[in-house]
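User: I'd like to learn how to read features such as burial, cores and pockets from a set of coordinates. Could you walk me through an example?

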Amino acid sequence: MTTPTDARRERVATPGQTIGPFFGYALPYPGGGELVPPGQPGAIRLHGVVLDGADVPIGDALIEVWQADAAGEVVQRPGSLNRDGFTFTGWGRVAVDAAGWYSFSTIRPGPTRDGGAPFFALTVLARGLLNRLFTRAYLPLDPAVLAADPLLRQVEPDRRDTLVATEDETGYRFDIRLQGDGETVFLAYPGP
């Protein structure tokens, strides 16, 4: 029997289930890393490695990317799972390789609001995580632009660089460190 006191207690979410060993072959799909075809005009590569606290690559993680288009618009069209080769959907999912590397063929995102810096939103799923992890990979822009971003302003200044990708010859590299020195800042939702 529920008492009035029980009904007034705050309810909190319970942890998610451990992902298990099945997600690496059950969730990736053909073309999951191609938000745009490689070689398409304006295509760039977002890539990096997923590391544990001892800087050892994690070879069984799954990475999802969510992003705005070049104009900063969040795309809301169907078709993410059935790539047609030309429609940008703003979402992709890849399994890392045995050495912990991931790669997406995509476009450079625009800022989603005035005063905001352009970013890729990333989700990490991996063995042993009870819940997925959320982070952002900001484009390496002028420090003043990054410092003005509403979310980055809330991150301790000495940790902000864990949210900024580095530019290379093919696009942007963003390594994800799950813990330890240089741990990537992870975000909690709902929240700022």
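**Reading burial, cores and pockets**

Analyst: Sure, let's start with a loop residue: Ala71 is found in the loop between β2 and β3. Keep in mind that this is a predicted model.

User: Is Ala71 buried or exposed?

Analyst: The general idea is to compare the relative accessible area with a cut-off, and exposed means over 50%. Ala71 has 59%, so it counts as exposed. Sequence distance can mislead you here: Ala71 and Gly110 are 39 residues apart along the chain, yet their C-alpha atoms are 5.0 Å apart in space.

User: What about Arg93, buried or exposed?

Analyst: For buried, the value must be under 20%. Arg93 comes in at 14%, so it is buried. Arg93 sits in strand β3, residues 91-95.

User: Which side chain does the side chain of Arg93 make a polar contact with?

Analyst: That of Glu64, at 2.9 Å. Skipping neighbours within four places in sequence, the contacts of Arg93 also include Leu27, Pro28, Tyr29, Ile63 and Phe104.

User: Now the cores. How should I think about them?

Analyst: In soluble globular proteins, nonpolar side chains tend to be buried together. In this model, the largest nonpolar core has 29 residues, and Leu46, Val50, Ile63, Tyr102, Leu122 and Ile176 have the most contacts inside it. Two or more residues each come from β1 (43-51), β2, β4 (101-107), β5 and β6 (133-138). Apart from that core lies another, of 12 residues, with Ala117, Phe134, Leu146 and Leu163 among them.

User: Which residues is Leu122 in contact with, leaving aside neighbours within four places in sequence?

Analyst: Among them are Leu46, Ile63, Val65, Tyr102, Leu133, Phe174 and Ile176. The list also includes Glu64 and Thr135.

User: And pockets? What do I look at?

Analyst: Volume, then who lines the space. The largest pocket has a volume of about 200 Å³. It has 15 lining residues, and those closest to its centre are Trp66, Gln67, Ala68, Val74 and Gly90. Strands β2 (62-67) and β5 (119-125) each supply at least two residues of that lining.

User: How does the lining of the largest pocket divide into nonpolar, polar and charged?

Analyst: There are 10 nonpolar, five polar and no charged residues. In the second largest pocket, with about 160 Å³ of space, the lining divides into two nonpolar, four polar and four charged. Asp161, Arg173, Asp175 and Arg177 are among the residues lining this second pocket, along with Val164, Phe174 and Thr184.

Methods
Residues are numbered from 1 along each chain as its sequence is written. This is a predicted model: local features need pLDDT of at least 70, side-chain atom pairs count only at pLDDT 80 or more; totals for chains, interfaces and linings use all residues. Side-chain values use heavy atoms; hydrogens and water are left out. On a 1 Å grid over the protein atoms alone, a cavity is a set of points where a 1.4 Å probe fits but cannot get out, and a pocket is an open set with protein on both sides within 12 Å along at least five of seven lines; lining residues have an atom within 4 Å of a point. Grid points are joined across faces, edges and corners, and a volume is the space filled by probe spheres set on the points. Helices (H or I, at least four residues) and strands (E, at least two) are DSSP runs, numbered from the N terminus. Ala, Val, Leu, Ile, Met, Phe, Trp, Tyr, Cys and Pro count as nonpolar, Asp, Glu, Lys and Arg as charged, and the others, Gly among them, as polar. A nonpolar core is a set of buried Ala, Val, Leu, Ile, Met, Phe, Trp, Tyr and Cys residues joined through side-chain atoms within 4.5 Å. Buried means under 20% relative accessible area, exposed over 50%, partly exposed in between (1.4 Å probe, protein chains only). Contact means heavy atoms within 4.5 Å. A polar contact is a pair of N or O atoms within 3.5 Å; within protein, one must be able to donate a hydrogen and the other to accept it, and residues adjacent in sequence count only if both atoms are side-chain atoms.
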